Amino acid sequence: MSRAKHRLPDRAAVLALVDARGQIAVRATPNASANAVALPAEGAARVLSIRTTITPEDGKANDAILGLLAEALGCPKSALTLVRGATARDKVVQVAR
């Protein structure tokens, strides 16, 4: 029995959350039961929710979050830069265009 892939939303819906400056707001949840990327609820703040199974030690969770975001955006991880929130749950990521 194979393991299920990450739950990812539609790429266009994730790209729609990137603002005019090329930044996207992310709410991180480390130590989750499964890796997942979820769009905000309709009418809620434009913040992408990313859950990762990785523990927040030595930046490992941030790396995992950037990896999941890159997968959801369909871009390489090197195109993403953590701008704000390295030690917080609320983060801002710069997306290179």
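1. A helix's expected span is 1.5 Å times one less than its number of residues. Take helix α2, residues 60–73, with that in mind: its 14 residues should span 20 Å, and the end C-alpha atoms are indeed 20 Å apart, so the two agree.

2. Bear in mind that this is a predicted model. Confidence looks fine overall: the pLDDT averages 92 across the protein, with 95% of the residues scoring at least 70. Among the elements, helix α1 (residues 11–15) has the lowest mean pLDDT, 94, while strand β5 (residues 90–95) has the highest, 98.

3. Back to α2. How many of its 14 residues are buried? The count is 10, so "mostly covered" is a fair description, with buried meaning under 20% relative accessible area. The buried set is A61, N62, A64, I65, L66, L68, L69, A70, A72 and L73.

4. What do those buried residues pack against? Their partners are helix α1 plus the strands β1 (23–29), β2 (36–38), β3 (48–51), β4 (80–84) and β5. Just after the helix comes G74, with a positive phi near 70°.

5. One residue of β5 to look at is V92. Its relative accessible area is 12%, and the cut-off for buried is under 20%, so V92 counts as buried.

6. Who surrounds V92? Setting aside neighbours within four places in sequence, V92 contacts Q23, I24, T81, L82, V83 and R84. Of these contacts, take T81: V92 and T81 sit 11 residues apart in sequence, and their C-alpha atoms are 8.7 Å apart in space.

Key:
Residues are numbered from 1 along each chain as its sequence is written. This is a predicted model: local features need pLDDT of at least 70, side-chain atom pairs count only at pLDDT 80 or more; totals for chains, interfaces and linings use all residues. Side-chain values use heavy atoms; hydrogens and water are left out. pLDDT is the predictor's confidence in each residue, from 0 to 100. Helices (H or I, at least four residues) and strands (E, at least two) are DSSP runs, numbered from the N terminus. Buried means under 20% relative accessible area, exposed over 50%, partly exposed in between (1.4 Å probe, protein chains only). Contact means heavy atoms within 4.5 Å.
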